[in-house]
Amino acid sequence: RVWKRRPGEILVYHAFANSRSRRDSTHDIKGTGAVHAAIARLRSNGLNISLFFAQDLPISDVRYYQAQADIVVDQLHYGRLGSNARESLMLGKPVIARIKSRQIDRDVPLDSIEEAPVVQATVETVYDAIKSLAADPERRRELGRKSREYALRWHAADVCAARVEKIHDRIRAGLPPDIDEFPDPAAMVTQ
């Protein structure tokens, strides 16, 4: 469970569970092909960088590899944070992903997405995003710090439990489970 790094090597982590059944020559739902291509291009340009592509990895091992990563790349298409991104943010890792705070089913942007300290990228821009972060260890450290703060604010167990309880209360009262009615997560974080 320990990545054997070369001296000075930058480790990029990208995960895709059940990739063999969820990806084919016409569908690449996470942008995995672009991530592999970006790392290959960076390596061919002389950068000391490697990709750990987690697929079919037992969930009990995932955190060990996430914790060793210098950069995490999540999905590059859909506009939301996947579980890999949320876990990596909680670990204080800089995350690259495509996120959109305005979703199809809402008129108002989601604060939990808008505030995410994620480096925005698509399949077309992931090369530049990885290259930029790889070249700037201070930026990676700062993003890691912000990532942990963000994850505690929005995804800590007590914060999520309070939101679920609020949803239950609203549904029992015959009200819609409107996200704007959730309690302020900043007031609830316990560290």
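User: What makes a residue count as buried?

Analyst: A residue is called buried when its relative accessible area is under 20%, and partly exposed when that area lies between this limit and 50%. In this predicted model, Tyr13 is buried, and Phe52 is buried as well.

User: Why does Phe52 count as buried, and why does Trp3 count as partly exposed?

Analyst: Phe52 has a relative accessibility of 13%, and because buried means under 20%, Phe52 falls in that class. Trp3 has a relative accessibility of 21%, which is not under 20% and not over 50%, so Trp3 is partly exposed.

User: Why is the pair of Trp3 and Phe52 called edge-to-face?

Analyst: Two conditions have to be checked, the first on the ring centres and the second on the ring planes. The centres of Trp3 and Phe52 are 5.6 Å apart, within the 6.5 Å that a pair requires, and their planes stand at 85°, over the 60 degrees for edge-to-face, so that name applies. The pair also links distant parts of the chain, since Trp3 lies in the segment before strand E1 (10-15) while Phe52 belongs to strand E2 (residues 49-54), 49 residues apart.

User: Why is the pair of Tyr13 and Phe52 called stacked?

Analyst: Here the ring centres are 5.9 Å apart, again within 6.5 Å, but the planes are at 10°, which is under 30 degrees, and therefore the pair of Tyr13 and Phe52 is stacked. This pair, too, links distant parts of the chain, with Tyr13 in strand E1 and Phe52 in strand E2, 39 residues apart.

User: Which residues do ring pairs link into a cluster?

Analyst: The cluster consists of Trp3, Tyr13, Phe52 and Tyr65, and the count of aromatic pairs comes to three.

User: Why are helices H2 and H6 called oblique to each other?

Analyst: Helix H2 (residues 32-44) and helix H6 (residues 126-134) pack at about 50°, with their axes 9 Å apart. An angle of about 50° is not under 35 degrees, not over 145 and not in the range 65 to 115, so H2 and H6 are oblique. The crossing of H2 past H6 is right-handed. In this contact Ala34, Val35, Ala38, Ile39, Arg41 and Leu42 of H2 meet Val126, Tyr127, Ile130 and Lys131 of H6, and by class these are eight nonpolar, no polar and two charged residues.

User: What makes H6 roughly perpendicular to H7?

Analyst: The axes of H6 and helix H7 (residues 137-155) come within 6 Å and cross at roughly 100°, and because that angle falls in the range 65 to 115 degrees, H6 counts as roughly perpendicular to H7. On the H6 side the contact is made by Ser132, Leu133 and Ala134, and on the H7 side by Pro137, Arg139, Arg140 and Leu143. These residues divide into four nonpolar, one polar and two charged.

User: How do you know that Ala151 is buried?

Analyst: Ala151, which lies in helix H7, has a relative accessible area of 0%, and because the limit for buried is under 20%, Ala151 is buried. Leaving aside its neighbours within four places in sequence, Ala151 is in contact with Leu89, Met90 and Ala156.

User: Which residues of helix H4 meet H7?

Analyst: Arg86, Leu89 and Met90 of H4 meet residues of H7 including Tyr150, Ala151 and Leu152. Helix H4 (residues 83-90) and H7 pack at an angle of about 115°, with their axes 7 Å apart.

How values were computed
Residues numbered from 1 in each chain as written. Predicted model: local features only at pLDDT ≥ 70, side-chain atom pairs only at ≥ 80, totals over all residues. Heavy atoms only, no water. Axes fitted to C-alpha atoms, helices over the stretch in contact; angles between N-to-C directions. Helix = DSSP H or I, 4+ residues; strand = E, 2+ residues; numbered from the N terminus. Left-handed = near helix turned anticlockwise from the far one by under 90°. Contact = heavy atoms within 4.5 Å. Nonpolar A, V, L, I, M, F, W, Y, C, P; charged D, E, K, R; others polar. Phe/Tyr/Trp six-rings, centres within 6.5 Å; stacked < 30°, edge-to-face > 60°. Buried < 20%, exposed > 50% of the residue type's maximum accessible area, 1.4 Å probe, protein only.
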